[in-house]
Amino acid sequence: MTTRARRKPVITISQTERERLLALAEALAERNAELADTLFGEIERARVVADGTAPENVVRIGSQVTYQPDGGEAKSVTLVYPGDADIDQGRISVTTPVGIALIGLSTGQSITWTARDGRTHELTVLDVRQPAEA
């Protein structure tokens with residue numbers, strides 16, 4: 001089986017989100033350097049926009065996201081900062097492999113990401129809903 005390299009999609013994050021994600025990546029570096037490097041990489045390649053100007057269909061912290069993993073059944077989660085994560089409530093941290101993959105994506109975009117077990121997965125964002133206070 002051959003794996004074809006695919007260019008990562010353009011992602012968008014706000015200035016304040018960028019600053020908070022950089023701080024999280026720095027804190028994460030001591031515990032999990034590989035995951036921190038992945039987060040730094042996503043922040044680096046992101047298109048940064050002024051706070052409040054990201055399109056409604058862009059995944060950001062607090063977004064409820066419906067995505068299709070590996071062509072399977074759709075899953076809905078809310079992307080949160082680590083202190084708010086609760087997998088039983090469907091709240092996943094932005095410092096997890098799937099959380100890093102989701103941040104900044106728009107409806108219809110797909111990305112390939114690597115899970116903690118080293119397996120490569122692909123997900124496609126089907127729907128993004130912003131929190132009421134956004």
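Angles over 145 degrees between the N-to-C directions of two axes count as roughly antiparallel. In the predicted model described here, the axes of helix H1 (residues 15-29) and helix H2 (residues 33-45) cross at roughly 160°, and H1 and H2 are therefore roughly antiparallel to each other. The two axes come within 8 Å. The crossing of this pair, H1 with H2, is left-handed. On the H1 side, the contact is formed by Arg 18, Leu 21, Leu 22, Ala 25, Glu 26, Leu 28 and Ala 29. H2 contributes Ala 33, Leu 35, Ala 36, Leu 39, Phe 40 and Ile 43. By class, the residues of this contact comprise 11 nonpolar and two charged, with no polar residue.

The helix pair belongs to a protein chain whose secondary structure consists of three helices and seven strands. Read from the N terminus, the order of the elements is β-α-α-β-β-β-β-α-β-β. The radius of gyration of the chain is 14 Å, close to the 14 Å that the globule rule gives for 134 residues, so the chain is as compact as a globular protein of that length. The C-alpha trace spans about 45 × 35 × 30 Å along its principal axes. Buried residues make up 42% of the 134 residues of the chain. Among contacts with a separation of 6 or more, 52% join residues 24 or more positions apart.

Individual positions were then considered, beginning with two that are buried. Ile 13 is part of strand S1 (residues 12-14). Its relative accessibility is 2%, and since buried means under 20%, Ile 13 counts as buried. Outside its neighbours up to four places away in sequence, Ile 13 touches Arg 18, Leu 21, Ile 43, Ala 46, Arg 47, Val 48, Val 49, Ile 103 and Gly 104. Three residues in this list, Arg 18, Leu 21 and Ile 43, also take part in the contact between H1 and H2. For Val 49, another residue touched by Ile 13, the C-alpha atom is separated from that of Ile 13 by 6.2 Å, although the two residues are 36 residues apart along the chain.

Glu 42 is located in helix H2. With a relative accessible area of 4%, Glu 42 is buried. When residues up to four places away in sequence are not counted, Glu 42 touches Lys 8, Ile 11, Ile 100 and Ile 111.

Two further positions, Thr 53 and Glu 56, occupy the loop between S2 and S3. These strands cover residues 47-49 (S2) and 64-69 (S3). Thr 53 has a relative accessibility of 49% and counts as partly exposed. Thr 53 and Leu 102 are 49 residues apart in sequence, and their C-alpha atoms are 19 Å apart in space. Glu 56 has a relative accessibility of 53%; as exposed means over 50%, Glu 56 counts as exposed. Apart from neighbours within four places in sequence, Glu 56 is in contact with Val 128 and Gln 130. The C-alpha atoms of Glu 56 and Val 128 are separated by 7.6 Å, and these residues lie 72 residues apart along the chain.

The loop that follows S3 and leads to strand S4 (75-80) contains Asp 70. Most residues other than glycine have a negative phi. Asp 70, which is not a glycine, has a positive phi of about 50°. The relative accessible area of Asp 70 is 47%, and the residue is partly exposed.

Thr 112 is found in strand S6 (residues 110-114). This residue, Thr 112, is partly exposed, with a relative accessible area of 34%. Leaving aside neighbours within four places in sequence, Thr 112 is in contact with Thr 120, His 121 and Glu 122. Thr 112 and Gly 90 are 22 residues apart along the chain, and their C-alpha atoms are separated by 21 Å.

Terms used. Residues numbered from 1 in each chain as written. Predicted model: local features only at pLDDT ≥ 70, side-chain atom pairs only at ≥ 80, totals over all residues. Heavy atoms only, no water. Axes fitted to C-alpha atoms, helices over the stretch in contact; angles between N-to-C directions. Helix = DSSP H or I, 4+ residues; strand = E, 2+ residues; numbered from the N terminus. Parallel < 35°, antiparallel > 145°, perpendicular 65-115°, else oblique. Left-handed = near helix turned anticlockwise from the far one by under 90°. Contact = heavy atoms within 4.5 Å. Nonpolar A, V, L, I, M, F, W, Y, C, P; charged D, E, K, R; others polar. Rg over C-alpha atoms; globule rule 2.2 N^0.38 Å. Buried < 20%, exposed > 50% of the residue type's maximum accessible area, 1.4 Å probe, protein only.
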